[in-house]
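Subject: Structure for you to look at

Hello,

Here is the structure I said I would pass on. Please open it before you read the notes.

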Amino acid sequence: MLGDADLQILGNQLDAVARADQQHHECLQKLLDQSRDLVESYRLLKSDYEEEKEAREKYKKLARGQERNPFALVLVDGDGYLFKEHLIRAGSDGGVDAARLLGDSVKELLRSKLGNDADQCRVMARAYANILGLSKSMARAGITGYEARSLSSFTSSFTGSQELFDYVDAGDRKEGAGFKIREIFRLFADNNQCKHIFFAGCHDVGYLSMLMPYRGRADRITLIKGASFQVEYESLDLPVRMMPSVFMSVPVGDGKATTRPPSTTSNSTKICKHFVKGSCKFGNECRNLHPVPNKKNSKAGDESPLKLPSTPAFSQASSTQLRRLQASDFATLLPAMITQQEKKLIPVNKDGERIDTYCPYPPEKSWIYYHRTFKKHKLCNKYHLGGVCRDIDCQYGHTEAESPALEVMKYILRQTPCRRGGHCRSLKCYTGHICQKENCKGCRFPRHAHTLELQVTDWVAPLDEDEVTTSDDFSDSLLIFDEDC
């Protein structure tokens with residue numbers, strides 16, 4: 001049997017084993033708890049990693065997409081930055097040339113910024129302007145005709161010539177163009193696809209606040225210098241460049257943009273090519289010839305006939321002499337309006353081309369009365385001048401009009417060329433078939449309407465249609481014409 005000492009030793013050993021077992025159990029439980037925490041942390045970390053990985057992949061795809069279609073943006077305030085005069089004069093052809101020249105100039109400037117990468121960068125151009133107001137300014141300067149929105153052919157060709165080029169009519173309200181330009185700038189200023197912005201609006205200090213956050217950002221923005229560059233833009237520490245082949249260097253009304261340099265009298269027999277197209281603005285001051293038919297009943301002291309070189313464009317019968325006509329010559333050569341109304345016939349010349357009756361410039365009091373009437377309601381041309389209007393939904397006035405207003409209406413509508421020209425045989429036609437302007441400096445009539453024989457040789461029966469085929473909506477054209485008369 002075990003003694004007391006042995007029993008004490010055995011009891012101590014059992015207690016030690018029990019304590020060791022308890023410590024082992026506690027350690028194992030702690031290890032299990034830590035393992036559980038580690039697994040949970042791993043799950044959370046893995047979830048965050050997957051989300052971050054997905055976001056990074058999306059970013060990479062977006063970045064690759066942005067790098068795939070890089071472009072440079074050109075913003076033009078068309079009310080202050082005018083394209084070169086010869087481009088505007090050329091109309092639709094000038095719009096195409098203006099877009100090409102602008103694109104070439106931007107590409108050249110881009111090479112200095114991006115190097116070889118410029119070849120991969122497309123050009124997006126946005127020009128905004130008040131087309132109606134700008135057309136009036138150009139008409140007063142003698143650059144375009146007097147028809148409403150005379151710049152439309154230029155702007156539409158500019159827009160249609162290249163996929164990313166737009167010349168937008170911003171309307172006639174104040175700051176219309178500025179509102180558009182600010183929003184487009186904010187949209188693309190921080191766009192990664194937009195590699196550079198060329199800003200052509202430095203004539204207006206109102207854009208300074210828009211550009212101030214990008215002060216010194218020569219890598220993002222270049223200022224284009226125009227005719228009225230404001231010195232305040234120099235404080236932006238941005239590069240300033242010029243496009244001399246694209247925009248006018250002087251404002252309209254100053255220098256060569258709108259006026260002709262003084263010329264001395266010349267004995268040149270060269271025919272004016274601008275007059276041939278009906279667009280010469282210099283009249284009798286032009287150095288070259290402006291050929292129109294000679295009148296038979298000339299007065300003593302009148303200018304002697306000018307004989308022209310024999311060219312296909314001006315081939316005439318040997319009996320026909322060409323010379324300039326004054327306003328009094330039209331009164332002498334052309335039949336009176338009352339004569340046509342009495343005869344109910346159409347006057348024609350020896351070539352069978354229609355000749356208009358004489359329509360003098362109305363007196364000032366008639367213009368005043370016309371403006372007063374026009375502001376109240378627009379009169380219907382077909383009804384008052386053509387004699388009949390079959391449009392049951394006609395929006396123009398059919399009420400009785402006083403003779404002064406009708407007199408001005410007749411004069412204005414005679415400045416609108418008839419579509420059928422000299423072949424027109426409608427007694428109701430109220431538009432023009434010849435140009436009756438003294439020393440015409442450019443109008444909508446073709447060259448032939450300035451040079452045909454004015455002597456009436458016959459009166460032919462009319463071939464009237466049920467409706468006058470000429471457009472009746474001349475409201476804007478009349479307004480522009482009236483303001484400059």
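The notes below go from the whole chain to single residues.

Overall picture

Please keep in mind that this is a predicted model. The chain holds 15 helices and 10 strands. Of its 485 residues, 41% are buried. About 27,400 Å² of the chain is exposed, and carbon and sulfur atoms supply 51% of that area. Among contacts with a separation of 6 or more, 69% are between residues 24 or more positions apart.

Strand S4

A good place to start is strand S4, which covers residues 194–200. Six of its seven residues are buried, so the strand is mostly covered. Strand S1 (residues 71–77) runs parallel to S4, and six bridges join the two. One of the pairs to look for is Val76 with its bridge partner in S4, Ala200. S4 also pairs with S5, again in the parallel sense, over three bridges. There, Ile197 stands opposite Ile221 in S5.

Helix H1 and a nonpolar patch

Helix H1 spans residues 4–68. Leu14 lies in this helix and is exposed, with a relative accessible area of 55%. Together with Leu2, Leu7 and Leu10, Leu14 forms a nonpolar patch on the surface. The accessible area of these four residues together is about 380 Å².

Salt bridges

The structure has 11 salt bridges, including the three described here.

- Arg43 and Glu40 meet through their side chains at 3.4 Å, N to O. Both are in helix H1, and because they are three residues apart, about one helical turn separates them. Glu40 is partly exposed, at 39% relative accessibility.
- Arg89 and Glu85 meet at 2.9 Å, N to O. Both lie in helix H2 (residues 85–89), four residues apart, which is about one turn of the helix. Arg89 counts as partly exposed at 33% relative accessibility, whereas Glu85 counts as buried at 17%.
- Arg111 and Asp119 form a salt bridge at 3.8 Å, N to O. Arg111 is partly exposed at 46% relative accessibility, and Asp119 is partly exposed at 49%.

Cysteines

How many disulfides does the structure hold? The number is zero. Cys429 shows how the cut-off works: its closest cysteine sulfur, in Cys418, is 3.8 Å away, which is too far for a bond. A disulfide needs the two sulfur atoms within 2.5 Å, so this pair does not count as one. Cys429 is buried, at 7% relative accessibility. Cys202 is another buried cysteine, at 0% relative accessibility.

Positive phi angles

Most residues other than glycine have a negative phi. Two residues are worth checking against that background.

Arg149 has a positive phi, near 50°, and is not a glycine. Arg149 sits in the loop between helix H4 (131–140) and helix H5 (152–161). Its relative accessibility is 32%, so it counts as partly exposed.

Asp237 also has a positive phi, of about 55°, although it is not a glycine. Its loop runs between strand S5 (221–225) and strand S6 (240–242). Asp237 counts as exposed, because its relative accessibility is 55% and the cut-off for that class is over 50%.

Regards

Technical notes. Residues numbered from 1 in each chain as written. Predicted model: local features only at pLDDT ≥ 70, side-chain atom pairs only at ≥ 80, totals over all residues. Heavy atoms only, no water. Patch = residues over 30% accessible without salt bridge, like charges linked within 9 Å, V, L, I, M, F, W, Y side chains within 5 Å. Areas by Shrake-Rupley, 256 points an atom, 1.4 Å probe, with all protein chains shown as cover. Buried < 20%, exposed > 50% of the residue type's maximum accessible area, 1.4 Å probe, protein only. Pairing = 2+ DSSP bridges. Contact = heavy atoms within 4.5 Å.
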